[in-house]
Amino acid sequence: MALKAKPAKEKKKKEKKEKAPVASTSKAAASRAPKAAPAANGNKCKTTTKKPMAEDDALSFEQKKDLSEAITSLDGAKLEKVIQIIHEGVPEIRDSTEEIELEIDILPPHVLTKLYNFVLRPLRQPTQKRNRTGKGTGTGGLKRKSMDETAEAEKIRKLEERMRLFEDNNIATPAAPVLLVGDHSSDSSSDDSSGSEADVQTSPHARAKRKIAALVEEVEILKQDKATKKRIVTYYVSQGRAIRRMVALYTSIEDMVDENDRRCEESGTDCTKEQDRIQRSYIELAKALPWFHDKLASFDHEESPDMLKKLKRGADSARADDTATLKELVASWVNIECHPTTLIKPDDKHHRGFANDACGKLLCPAEWRWDDPIVRAGIRDRTTAFIVSENSWPSFMYENYQADPKNLERGLMKSKLLVMGFKAIFTSPSSANEVDGDGDGADILENNQRARKRSDQGKVKTCVASIIGMRKVTPRAIAYAACQIRFALSNITSWRTVDGDFDYQIFWDNIIDFFEDAPGPAARARMDKLLEWWTRKVFGRNHREDLTPDIVSQMSVSTLATQRKLMEDAAFDSE
C-alpha cells in the first residue's frame, strides 16, 4: 500500500474564506468522524472517536498541515507504519487494492493523534508549543469596530509568514492536507500498468515558486482592499462633518431620507410643520453633499446603512470638535468683552452659566435685564416667574448684547460674540479676532489658500468653509454657531438636547424659522440684507462667485473686445 500527500484544489478556496481554520476543521471532523470509522463487524465504535475531544483540539489545523508535509517525506518502514495506523483506524479501506483519496479531516481524531505522535512528536521541541494560539486571544477590551481591521491585518501577517517559510524551506505548503492511500507494492508490472494515472513529478523548487507567487498576489489584493476600504471610510466620515454644521443639528439622516421617500410616494398629501422642516433639511443635505442623492439611489439595502453610519460618525465628531474648541475660546472672549471680577477658566465649565455674572448676563432672555436683582435671583432660583427656555432670545445674540423691547428684531443675530464663534468654526480660530468693521478686510478663504501654498512656512490647516465650499453664510450655519455658543456659556459639561428648561432642538428650529419663514416680502428683504451682512463680516467683500457670464459680458473688458471686433469688420468692409 502506498501513501502520499498533496494539496486539494477545493480546499484552497475554502481556506481563504475561513477566519478560524482550527474551529472549522474541528467541526468538520466531528461531523464526519462517526461515519468514517465503523468496526469491522459492522457495529459502530462506541466512544473511540468521540471521547478523546481534548486530543482532537490539541491537533490544530496548522498541525494537520505539518503532519501532511511530514508524511510526504517518509519512506520505508515509517511509511508502512503510517499506513498500518490508518488501516487500524479505518478498517474498511484495509483490503482495498485501488488508490483511495482521503481528506485528513475525515480521519478519526484518535488516528490523527497516533499519526502525529508517531511522525512529528519525536521531532518537536517542548518550546514549540508556544506557537500554538491559547485561550487568551480575546478582544482585550478593543472596541467592536476595530476587530475587522485587526483580523485583516492578522490574515496578511499570516500569509506573509507562510511566504517566508516557503522561501526558507523551498517547499510548498498544502492549503488543506489530503492523503492518498493505495497499493504500495514494488511490483514493476503494477507501476507500468498504472503509469497513465501516475503523478507527473515536478521539482519542489518550482512548486514553491508558484506557491509564493500565488501568496504574493493574495497579499497584494488584501492590502489593496484594505486601503480602498480605508479611503472610502475616510471620505464618508469627512463629508459627514458638514451635516450638523450646515444641514440639521439633531435630525438623523435616516429621518430625512424617509421623509423625502414618503413625499415621493404620497405626493399631494398635507404635511405638518415638522415634516416640512425635515424635508427642507433633506434639500439642504443634497446641496451640502451633491453626490449623496444619486449615491443613495445606486446602493442596495446593505450598503446604505453602512454609508449613513459613517456620515453620522463624521457629523457627531465635528460637533464634538467644535464644542471642545469653543469651550476655551468663549471663556477668553467673555473675559475680554465683559471684564468679570473673577476670570472664567478655559478648562472649567462648572463655574459658568447663571452662577457667573458675565455668563448670566449673556444668557439672560432679551425681555429681562440681568442687572435687576429680582430677575437675577429669580433665574438662579428657577422660579416659575423667570423660566429660561428656548422661547426667549438670549442676550448674547443681540448687537452689544442688549435688545430693544419695542423692536426685538433690531440687532438680533448681529452680536460680536456670535460672529466670533461662527468664524472660529468655519474659517479659523485666529480669524475670529478680526470681526471689527463691516467686512472691509481681506478675503479669508483666499488668504487661507495662499498660506497653504507658501513654501516658507509650516503646514496650514484647510478651513472648514473651504472644505465644504461655503462662500456665503446660511441660516443653518448661524443656528449651529448660536447653539454652540449657548452651550459654551452654560455650565453643563456634556452635550444634550435639553438643559433644564431650555431645548436646543427647538432653539435651533426658532432660528431657522426666523430666517426661512418670513411673514412677507418686507421681512424677506430684511433677512436677505442680514445674510449679506453676515457674508461680508465672515468672508469680506468678495463677490467673485456672483460674476456670472452675463454680468462679465457687460463689463469694459468684454465690451472693448466686442467694439474692436466691430471696428475691424467695418475696416474690412470699407476696403
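Helix α22 of this predicted model covers residues 521-539, and its 19 residues reach 26 Å from the first C-alpha to the last, close to the 27 Å expected at 1.5 Å a residue. The buried residues of this helix are Ala-523, Met-527, Leu-530, Leu-531, Trp-533, Trp-534, Thr-535, Arg-536, Lys-537, Val-538 and Phe-539. After α22 comes Gly-540, which has a positive phi, near 85°.

Helix α20, made up of residues 475-489, can be examined in a similar way. Its 15 residues should span 21 Å at 1.5 Å a residue, and because its end C-alpha atoms are 21 Å apart, the model agrees with that expectation. This helix is mostly covered, with 15 of its 15 residues buried.

Both helices also take part in packed pairs. Two packed helices are described by the angle between their axes and the distance between the axes, and the table gives these values for each pair.

| Helix pair | Angle | Distance between axes |
|---|---|---|
| α17 (residues 416-426) and α20 (residues 475-489) | about 105° | 9 Å |
| α21 (residues 504-516) and α22 | about 110° | 8 Å |

In the pair of α17 and α20, the axes form an angle of about 105°, which makes α17 roughly perpendicular to α20, because angles of 65 to 115 degrees count as such. On the side of α17, the residues that meet α20 are Leu-417, Leu-418, Gly-421, Phe-422, Ile-425 and Phe-426, while α20 contributes Ala-477, Ile-478, Tyr-480, Ala-481, Ala-482, Gln-484, Ile-485 and Leu-489. Sorted by class, this contact holds 12 nonpolar residues and 2 polar ones, with no charged residues.

In the pair of α21 and α22, the angle is about 110°, and the two helices are therefore roughly perpendicular to each other. Here Phe-514, Phe-515 and Glu-516 in α21 meet Arg-524, Met-527, Leu-530 and Leu-531 in α22; among these partners from α22, Met-527, Leu-530 and Leu-531 are buried. By class, the contact of α21 with α22 has 5 nonpolar and 2 charged residues, but no polar ones.

A careful reader should also consider the confidence of the prediction. The chain averages a pLDDT of 75, and 65% of the residues score at least 70. Over residues 125-147, however, the pLDDT is below 50, and this stretch has 5 contacts in the model beyond near neighbours in sequence. Residues 171-178 also stay under 50 in pLDDT, and for them the model has 41 contacts beyond four places in sequence.

Notes: Residues numbered from 1 in each chain as written. Predicted model: local features only at pLDDT ≥ 70, side-chain atom pairs only at ≥ 80, totals over all residues. Heavy atoms only, no water. pLDDT = per-residue confidence, 0-100. Contact = heavy atoms within 4.5 Å. Axes fitted to C-alpha atoms, helices over the stretch in contact; angles between N-to-C directions. Helix = DSSP H or I, 4+ residues; strand = E, 2+ residues; numbered from the N terminus. Parallel < 35°, antiparallel > 145°, perpendicular 65-115°, else oblique. Nonpolar A, V, L, I, M, F, W, Y, C, P; charged D, E, K, R; others polar. Expected span 1.5 Å × (residues − 1). Buried < 20%, exposed > 50% of the residue type's maximum accessible area, 1.4 Å probe, protein only.
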